[in-house]
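Trainee: I have a new model to go through at the bench. Can we take it piece by piece?

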Amino acid sequence: MLYFEKSPDQNWLVALHQDVSIAVQPNAVTTQLGISQKEGLSFVQPPVEVLKRLLALRVHLDDCTKDNGPLKVVPGSHQQGRLTDPMIAKLRDHSGDMSCLVTTGGVLAMRPLLLHASSKMALPQHRRVLHFLCGPRQLPNGLVWHEAI
């Protein structure tokens with residue numbers, strides 16, 4: 001689970017991207033895939049077949065409005081697999097993006113391969129989100145989730 005909070009004191013933007021890494025337990029397989037470390041956790045970029053099976057659920061603790069840095073997505077982009085930077089720009093220019101406005105308590109479901117971004121807040125409001133990544137209990141090829149419930 002991840003916790004995101006935009007506020008008057010914590011206001012950032014996130015460039016258009018896909019979520020292509022997952023937190024795993026380090027082992028020989030992760031070393032072969034290329035392991036990276038972030039905040040004490042080990043991450044790998046698994047095969048795209050694994051990423052296609054994942055679903056992120058974003059629980060909104062505050063209203064997400066056009067003025068507080070909503071998530072913007074490129075519709076249908078998750079169906080294109082893992083994208084390079086030039087492909088990302090081309091797809092965005094061709095398909096455009098849309099803002100995902102969600103009320104307090106609402107849940108946004110998205111595939112991690114969906115191109116997404118967010119801008120800075122225009123108005124000083126809180127936007128807090130709990131982000132849960134859901135997927136198969138067992139990962140293929142010897143990969144093991146860092147944490148599973």
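**Turns, strands, pocket and surface**

Trainee: In which segment does Asn 141 lie?
Mentor: Strands are DSSP runs of E, at least two residues long, numbered from the N terminus; helices are H or I runs of at least four. By that numbering, Asn 141 lies in the segment after S11.

Trainee: What kind of model is this?
Mentor: Residues are numbered from 1 along each chain as its sequence is written, and side-chain values use heavy atoms, leaving out hydrogens and water. Local features need pLDDT of at least 70, side-chain atom pairs count only at pLDDT 80 or more, totals for chains, interfaces and linings use all residues, and the model is predicted.

Trainee: Is Asn 141 buried or exposed?
Mentor: Buried means under 20% relative accessible area, exposed over 50%, and partly exposed in between, with a 1.4 Å probe and protein chains only. Asn 141 has 56% relative accessibility, so it counts as exposed.

Trainee: What phi does Asn 141 have?
Mentor: Most residues other than glycine have a negative phi. Asn 141 is not a glycine, yet its phi is positive, at about 60°.

Trainee: Which residue in the turn of the S4 and S5 hairpin has a positive phi?
Mentor: S4 and S5 run antiparallel and are joined by three bridges; strands pair if DSSP finds at least two bridges between them. Two residues lie between them in the hairpin. One turn residue is exposed because its relative accessibility is 76%. With a positive phi of about 50°, that residue is Glu 39.

Trainee: Which residue in S5 is the bridge partner of Lys 38?
Mentor: Look at the antiparallel pair S4 and S5. There, the partner of Lys 38 in S5 is Leu 41.

Trainee: Which residue in S5 stands opposite Ala 23?
Mentor: S5 also pairs with S3, antiparallel, over three bridges. Opposite Ala 23 stands Phe 43.

Trainee: How far apart in space are Val 24 and Val 144?
Mentor: Val 24 lies in strand S3. It is buried, since its relative accessible area is 0%. Val 24 and Val 144 are 120 residues apart in sequence, but C-alpha to C-alpha they are separated by 5.5 Å.

Trainee: Which residues of S9 point to one face and are buried?
Mentor: In a regular strand the side chains alternate between the two faces of the sheet. S9 (residues 107-110) alternates: Val 107 and Ala 109 point to one side and are not buried. Pointing to the other face, and buried, are Leu 108 and Met 110.

Trainee: Which residue in S9 is the bridge partner of Arg 58?
Mentor: S6 and S9 pair antiparallel over four bridges. The partner of Arg 58 is Leu 108.

Trainee: Which element gives the most residues to the lining of the largest pocket?
Mentor: A pocket is found on a 1 Å grid over the protein atoms alone: an open set of points where a 1.4 Å probe fits, with protein on both sides within 12 Å along at least five of seven lines; lining residues have an atom within 4 Å of a point. The largest one holds about 1400 Å³, a volume filled by probe spheres set on points joined across faces, edges and corners. Of its 37 lining residues, those closest to the centre are Met 1, Leu 2, Phe 43, His 131 and Leu 133. Five lining residues come from the top contributor, S11.

Trainee: Which residue makes a salt bridge with Arg 128?
Mentor: A salt bridge needs a side-chain nitrogen of Lys or Arg within 4 Å of a carboxyl oxygen of Asp or Glu. The structure holds three. Arg 128 is in S11, and its partner sits 66 residues away in the loop between S6 and S7. At 2.7 Å, N to O, that partner is Asp 62.

Trainee: Is Asp 62 buried or exposed?
Mentor: Arg 128, at 28% relative accessibility, counts as partly exposed. Asp 62 has 15%, so it counts as buried.

Trainee: How far apart are the closest N and O atoms of Arg 92 and Asp 93?
Mentor: Arg 92 is partly exposed at 33% relative accessibility, whereas Asp 93 is exposed at 59%. Their salt bridge has its closest N and O atoms at 3.2 Å.

Trainee: What is the area of the nonpolar surface patch with Met 1?
Mentor: Patches take residues with over 30% relative accessible area and no salt bridge, joining nonpolar side chains (Val, Leu, Ile, Met, Phe, Trp, Tyr) within 5 Å and like charges within 9 Å. Areas come from the Shrake-Rupley method with a 1.4 Å probe; for residues, only the protein chains shown count as cover. Met 1 is exposed because its relative accessibility is 60%. With Tyr 3, Leu 61 and Phe 132, Met 1 makes a patch of about 380 Å².
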